[in-house]
Amino acid sequence: MQEITSLSGSLLCIGVIFVAAIVFVLISGIRIIQPYQQGLQIRLGQYIGRLNPGFNWVVPLITTVIKLDLRTQVLDIPKQEVITKDNSPTNVDAIIYIKVIDPEKAYFEVTSYHMATIALAQTTLRSVIGDMELDEVLYNRDRINSRLRDILDKATDPWGVKIEAVEIREVDPIGTVKAAMEEQTSAERRRRAAILLADGNKRSAILEAEGSKQSMILRAEGSRQSKILEAEGTRVSRILEMQGQAQALRLMALGSAPLDKKAITVLSLDTLAKMSNGQATKIIFPFEISKVIEQSAKYLGATEDTVGELGKPTDVNELVGNPDDVLGKIPNPDELRAEVATIENQLKKDLEDTATTAKDLKKKMPDSHHDAGTEPK
């Protein structure tokens, strides 16, 4: 009885172990694929197919599942020394962005697509930069990046890997080359400083000459306008003076027509009385001397009818004509003021034209000195 009990216990233990082993084997066949992964199922050395993301069960013990990451991956290209076309040693490194688009090719066509891509990028980088001069490498990084991406993408296409981008991270010339570049940069800056200084002196001289020219133009214009105003004032003054003289002559001509000999004699005596008052020595001829001159004129053939008597009433219009025709039209004060206002308006217009001309001259100055300040490349 005891032996039966011992045997049943052993069988129970074996059964439990067997069930546990079966459960363990079944559980070992479970594979969880993440959403960003793709699984490859290989059974007994034969490719079975892909495993989609999520819960998957494969035949345990004889099935191998390879998980590939389908996300964009960043690979670092180690720094390496590259000789440029102009024999300038330079240290260059870069980074690559890759993505697996065909898991079967990425696993079966190449041993390790990571190492293969990095090695290919190193050799391609040396080849591309070796065909360029150092200045092109420093200033044409976009061109280098595009060329590297195209070459690498074409080379990795059989591996099921896509090159999304290539970025040159650092271009570091060696010590001697860097020192020569710094010296060249310093010389270039000194040259630009000299050009800027010369351009500043040129602009200063041009502006000074332009200001002197404008000053001379304005001074000459002011002198011209001053002379015009002075001449115009003199002309107006003389017109007014001659107007007064013309009015006096008119009054004298109109008032002397009805004078007779007695009135003239009285005026002459009054004039003699005024002339006798004073300290100056004077010689006064008596009135009788006019008779002697008259007798001499008659002896020579002249008669009294030759010159009319002032004492007789005469008509001024018959003797000298219409006073307005003889003396001309004399402007009145309103007409003079209107003429002066017209002259002032014309002078004001001349000043505005001069200012406009000065502005146009300043705008038409050559702009070539502006281009001189542009930094040469």
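This report describes a surface patch, a helix, side-chain contacts and two backbone features of one protein chain. The structure is a predicted model.

## Nonpolar surface patch

A nonpolar patch of about 960 Å² lies on the surface and is built from Phe-18, Val-19, Ile-22, Val-23, Leu-26, Ile-27, Ile-30, Ile-32, Phe-55 and Trp-57. Helix α1 (2-28) and strands β1 (30-33) and β4 (54-57) each give two or more residues to this patch. The largest share belongs to α1, with six residues. Strand β4 holds Trp-57, a residue that is partly exposed at a relative accessible area of 43%.

## Helix α3

Helix α3 covers residues 113-130, which makes 18 residues. From its first C-alpha to its last, α3 reaches 25 Å, close to the 26 Å expected at 1.5 Å a residue. The residues of α3 that are buried are Tyr-113, Ala-116, Thr-117, Ala-121, Thr-124, Leu-125, Val-128 and Ile-129. Seen down the axis of α3, these buried residues fall within an arc of 165°, so they line one face of the helix. The general geometry bears on this pattern: an α-helix has 3.6 residues a turn, so residues three or four places apart point the same way.

## Aromatic cluster

The whole structure contains two aromatic pairs. In one of them, Tyr-47 and Phe-108 meet edge-to-face, with 5.3 Å centre to centre and 70° between the planes. This pair links distant parts of the chain, since Tyr-47 belongs to strand β3 (residues 46-51) and Phe-108 to helix α2 (residues 103-108), 61 residues apart. Tyr-107 and Phe-108 also form an edge-to-face pair, at 5.1 Å centre to centre and with 85° between the planes.

Ring pairs thus join Tyr-47, Tyr-107 and Phe-108 into a cluster. Each member is partly exposed: Tyr-47 has a relative accessibility of 31%, Tyr-107 one of 33%, and Phe-108 one of 41%.

## Salt bridges

The search of the whole structure finds 12 salt bridges. Among them are the three in the following table.

| Salt bridge | N to O distance |
|---|---|
| Arg-50 and Asp-102 | 3.7 Å |
| Glu-170 and Lys-79 | 3.6 Å |
| Arg-147 and Asp-131 | 3.9 Å |

In the bridge between Arg-50 and Asp-102, Arg-50 lies in strand β3 and Asp-102 in the loop between β7 (89-100) and α2, so the pair ties together parts that are 52 residues apart in sequence. Arg-50 is partly exposed, at 41% relative accessibility. Arg-50 and Asp-102 also belong, together with Glu-104, to one network of salt bridges that share partners.

The bridge between Glu-170 and Lys-79 links two strands that are distant in the chain: Glu-170 is in β8 (residues 161-173) and Lys-79 in β6 (residues 73-83), 91 residues apart. Both partners count as partly exposed, Glu-170 at 33% relative accessibility and Lys-79 at 46%.

The bridge between Arg-147 and Asp-131 connects helix α5 (residues 141-156), which holds Arg-147, with the loop between α3 and α4 (134-139), which holds Asp-131; these two residues are 16 residues apart. Arg-147 is partly exposed with a relative accessible area of 35%, and Asp-131 is likewise partly exposed at 46%.

## Positive phi values

Most residues other than glycine have a negative phi. Leu-44 has a positive phi of about 55° although it is not a glycine. Leu-44 is located in the loop between β2 (37-43) and β3, and with a relative accessible area of 67% Leu-44 is exposed. Leu-61 likewise has a positive phi, near 70°. The loop between β4 and β5 (63-69) contains Leu-61, which is exposed at a relative accessible area of 75%.

## Strand β3 and helix α2

Several of these contacts involve the segment around strand β3. Tyr-47 of β3 is paired in sequence-distant fashion with Phe-108 of α2, while Arg-50 of β3 is tied to Asp-102 in the loop between β7 and α2. Leu-44, with its positive phi, sits in the loop between β2 and β3.

Definitions and conventions:
Residues are numbered from 1 along each chain as its sequence is written. This is a predicted model: local features need pLDDT of at least 70, side-chain atom pairs count only at pLDDT 80 or more; totals for chains, interfaces and linings use all residues. Side-chain values use heavy atoms; hydrogens and water are left out. Patches are made of residues with over 30% relative accessible area and no salt bridge: like charges are joined within 9 Å, nonpolar side chains (Val, Leu, Ile, Met, Phe, Trp, Tyr) within 5 Å. Accessible areas come from the Shrake-Rupley method with a 1.4 Å probe; for residues, only the protein chains shown count as cover. A salt bridge is a side-chain nitrogen of Lys or Arg within 4 Å of a carboxyl oxygen of Asp or Glu. Helices (H or I, at least four residues) and strands (E, at least two) are DSSP runs, numbered from the N terminus. Buried means under 20% relative accessible area, exposed over 50%, partly exposed in between (1.4 Å probe, protein chains only). The expected span of a helix is 1.5 Å times one less than its number of residues. The arc is that of the directions from the helix axis to the C-beta atoms. Rings of Phe, Tyr and Trp (its six-membered ring) pair if their centres lie within 6.5 Å; planes under 30 degrees apart count as stacked, over 60 as edge-to-face and the rest as tilted.
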